[in-house]
Amino acid sequence: MRARTAAAIALAALVSLPLWVANPYYVNIASQVLIYAIFALGLNVLVGYAGLVSLGHAGLFGLATYTVAWLVASGTGQLAAAVAALAMAVAMSAVFALLALRATGIGFLMITLALGQIVWGIAYRWISLTNGDNGINLGTRPMPFGIPLASASNFYVFTVIAFLLALAAMAVFVRSPLGASLRGARDQPRRMTALGYNVWLIRFLGFLFSGFWTGVAGLLFGYYHQFVSPQVLHLTASAEVLLMVISGGTGTLLGPIAGAALVVAMKTVASAYIERWNLVLGAIFVAIIVLMPEGLVPGSVRLWRWAWRWLLASPASAAGQRP
Amino acid sequence: MTALDVRELAKSFGGLRVTANVNLAVAPGERRLIIGPNGAGKTTLFNLITGELTPDAGSVHLFGRDITGIASRRRPHLGLARTYQIITLFPRDTLLQNVVLALLGLSRLRWNPLLPLGSQRHLRELARAALARVGLEAIAERPLSETSYGERRRVEIAMALAQNPRVLLLDEPFAGLSTDERRDVQRLLASIPREVTIVMIEHDMDVALEFAERITLLHFGEVIVEGTRAEVVKDPRTREVYLGA
């Protein structure tokens, strides 16, 4: 009951944010947090629930951004461009999965890293198609149902809707039989095979699901910046979102969101005050690894429970000491 | 018809022959014990039967059907279940969820990405019944990580039985158990109906001999002796290879 109330309050605060945050700068930062949260949630399907660490997800993310930018810039309709961008992200996920799922662990990580860098290399070098380092301008944001998304608050609401859909999809997926199968394949792949599961196909479907939401995030990212350059696809972007997932807490619903909020806040807000914000972010990551290696969200829950129990127990144990 | 028929099965790892032309015919409802010293190739034989390893030569037949070329993951659907020597369960889940996962493996529902698994009543009822069979119903909701080794062995067997197998392969079900736990598992195995054919690998001769009708002795991947309990125990080669007397 308490959890439900807390969730309702959080939801109300989230949706009404443009009403109580007047400054469009902060509304935009909130949009960025949500876009990265969707990205991190998508990656978390693989990292957290499938136990497969990908370092190539920026390739899928950026491919969706590039597709929508390229199509819109060349005059395609917004809806068709958006659908094509998501389809490209899912199709490329299938290619990544076919190649990378030959391995698990470090092998999987290295293959996804290489594939991501290939996509980056194409964007960087195939100048006639991608305009190379100069990138592509998206022109305008779409107008779903005739509502312009040009203002920060309208775009934020659009992003919130996508974010809530992503969160709901994740919540449904992890509770479903297929989600349970994916976690089973993470913990005991041999046993799962012996129980009659097709471990490869389960992982493949997990990869597609992850790739779809990564594509959604990439699409929103394109709308947000209205510009895309090869930087978006680079390994550092893959590493950054992986850090979000790991620092927030893998295999949890809220962890990737907290991780995204932390990294985006450091990158945008803190960097305005502290020149060496990277150093601060690094220190925060080290602190997280030392104090709560399971991630911010599960770690905070653990520390909170521990503190609560300690507070409750101390007078009782003192009373018990009396003869 | 034989329940499980292994013909001329062979497997080598490099120059090491771990399974050398093994023939094994297990009748429906039979209780077969496979014994042999460490490294005799007993678990390898199980892995070849379940398809986790691909044989170099020979074939495996399940109730007359050649399953040699069938993927490992398809074989449980044909009625072949196994337990592992080293317990391989899902430590973060409850006992009930472990068994539900075993049931789900044979259900088309396993591909469903939308329904909540927790509300699948019939799966939970079946899983509870499977746990009741092994006497663990009372702790069904306990996380696996909070159970004893003996209880986990029984969860393994419950998961295998939940799949309603026709042939059940048990890889050292008594390993690492206390005397009391052994008695529990022994009673549990005795209660399995004859519709289930059982092939068991076991080191513990006391409990295992009592259970088995026929015994196969493996040594260096070869079948050395096969026969009834009395025949195998009496055979001088058994004493030489295994009993060490």
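Reader: Among contacts in chain A between residues at least 6 apart in sequence, what percentage join residues at least 24 apart?

Author: The model is a predicted one. Chain A has 323 residues, of which 46% count as buried, and its secondary structure comes to 15 helices and two strands. Among its contacts between residues at least 6 apart in sequence, the share that joins residues at least 24 apart is 76%.

Reader: What radius of gyration does chain A have, and what would a compact globule have with 323 residues?

Author: The C-alpha atoms of chain A fill a box of roughly 85 × 55 × 40 Å along the principal axes. A compact globule with 323 residues would have a radius of gyration near 20 Å, so the value for chain A agrees with that rule: 21 Å.

Reader: What radius of gyration does chain B have?

Author: Chain B holds eight helices and ten strands, and its C-alpha atoms fill a box of roughly 55 × 40 × 35 Å along the principal axes. Of its 245 residues, 42% count as buried. For 245 residues a compact globule would have a radius of gyration near 18 Å, and chain B agrees, with 18 Å.

Reader: How many residues does the contact take from chain B, and which element of chain B gives the largest share of the side that touches chain A?

Author: The contact takes 19 residues from chain A and 24 residues from chain B. By class, the side of chain B that touches chain A has 13 nonpolar, seven polar and four charged residues. The largest share of that side, three residues, comes from helix 2 (residues 95–104) of chain B.

Reader: Why is helix 2 of chain B described as largely enclosed, and which elements are included in what covers its buried residues?

Author: Ten of the ten residues of helix 2 of chain B are buried, so the rest of the structure largely encloses this helix. Among those residues are B:L95, B:Q97, B:N98, B:V99 and B:L104. The cover includes helix 9 (177–187) of chain A, together with two helices of chain B: helix 3 (121–133) and helix 4 (149–162).

Reader: Which residues have the most contacts inside the largest nonpolar core?

Author: Nonpolar side chains tend to be buried together in soluble globular proteins. Here the largest nonpolar core has 157 residues, and its largest share, 18 residues, comes from helix 3 (residues 24–50) of chain A. B:A158 touches B:V99, B:A130, B:L131, B:R133, B:V134 and B:L136, leaving aside residues up to four places away in sequence. The residues with the most contacts inside the core are A:Y36, A:I38, B:V99 and B:A158.

Reader: What is the strand order of the open sheet of six strands in chain B, and which are its edge strands?

Author: The pairing in this sheet is mixed, and the order is 6-7-8-3-9-10. The twist averages 15° from one strand to the next. Each edge strand pairs on one side only, and these strands are strand 6 (80–82) and strand 10 (222–228) of chain B.

Reader: What angle does the direction of helix 1 of chain B make with that of strand 7 of chain B?

Author: Helix 1 (residues 42–50) of chain B packs on the sheet. The strands touched by this helix are strand 3 (31–35), strand 6, strand 7 (167–171), strand 8 (197–201) and strand 9 of chain B. With strand 7 of chain B, the direction of helix 1 makes about 150°.

Reader: In which sense does strand 9 of chain B pair with strand 3 and with strand 10 of chain B: parallel or antiparallel?

Author: Strand 3 and strand 9 of chain B pair over four bridges in the parallel sense, with B:T216 as the bridge partner of B:I34. On strand 10 of chain B, B:V225 stands opposite B:L217. Strand 9 (residues 214–219) pairs with strand 3 of chain B in the parallel sense, and with strand 10 of chain B, over six bridges, in the antiparallel sense.

Reader: Which residues of strand 3 of chain B point one way, and which the other way?

Author: In a regular strand the side chains alternate between the two faces of the sheet. Strand 3 of chain B is mostly covered, with five of its five residues buried. B:R31, B:L33 and B:I35 point one way, and the other way point B:R32 and B:I34.

Reader: Why does B:R31 count as buried, and how far is its C-alpha from that of B:I198?

Author: B:R31 lies in strand 3 of chain B and is buried because 20 other C-beta atoms lie within 10 Å, the cut-off being 20 or more. B:R31 touches B:I198, B:F211, B:A212 and B:E213, residues up to four places away in sequence not being counted. B:R31 and B:I198 are 167 residues apart in sequence, yet their C-alpha separation in space is 5.0 Å.

Notes: Residues are numbered from 1 along each chain as its sequence is written. Chains are lettered from A and ligands numbered from 1 in the order in which they are written. This is a predicted model: local features need pLDDT of at least 70, side-chain atom pairs count only at pLDDT 80 or more; totals for chains, interfaces and linings use all residues. Two residues are in contact if their C-beta atoms, placed from the backbone, lie within 7 Å. Ala, Val, Leu, Ile, Met, Phe, Trp, Tyr, Cys and Pro count as nonpolar, Asp, Glu, Lys and Arg as charged, and the others, Gly among them, as polar. Two strands pair if DSSP finds at least two bridges between them. Axes are lines fitted to C-alpha atoms, for helices over the stretch in contact, and angles run from 0 to 180 degrees between N-to-C directions. A residue is buried if 20 or more other C-beta atoms lie within 10 Å of its own, exposed if 12 or fewer, and partly exposed in between; C-beta atoms are placed from the backbone. The radius of gyration is taken over C-alpha atoms; the globule rule is 2.2 Å times the number of residues to the power 0.38. A nonpolar core is a set of buried Ala, Val, Leu, Ile, Met, Phe, Trp, Tyr and Cys residues joined through C-beta atoms within 7 Å.
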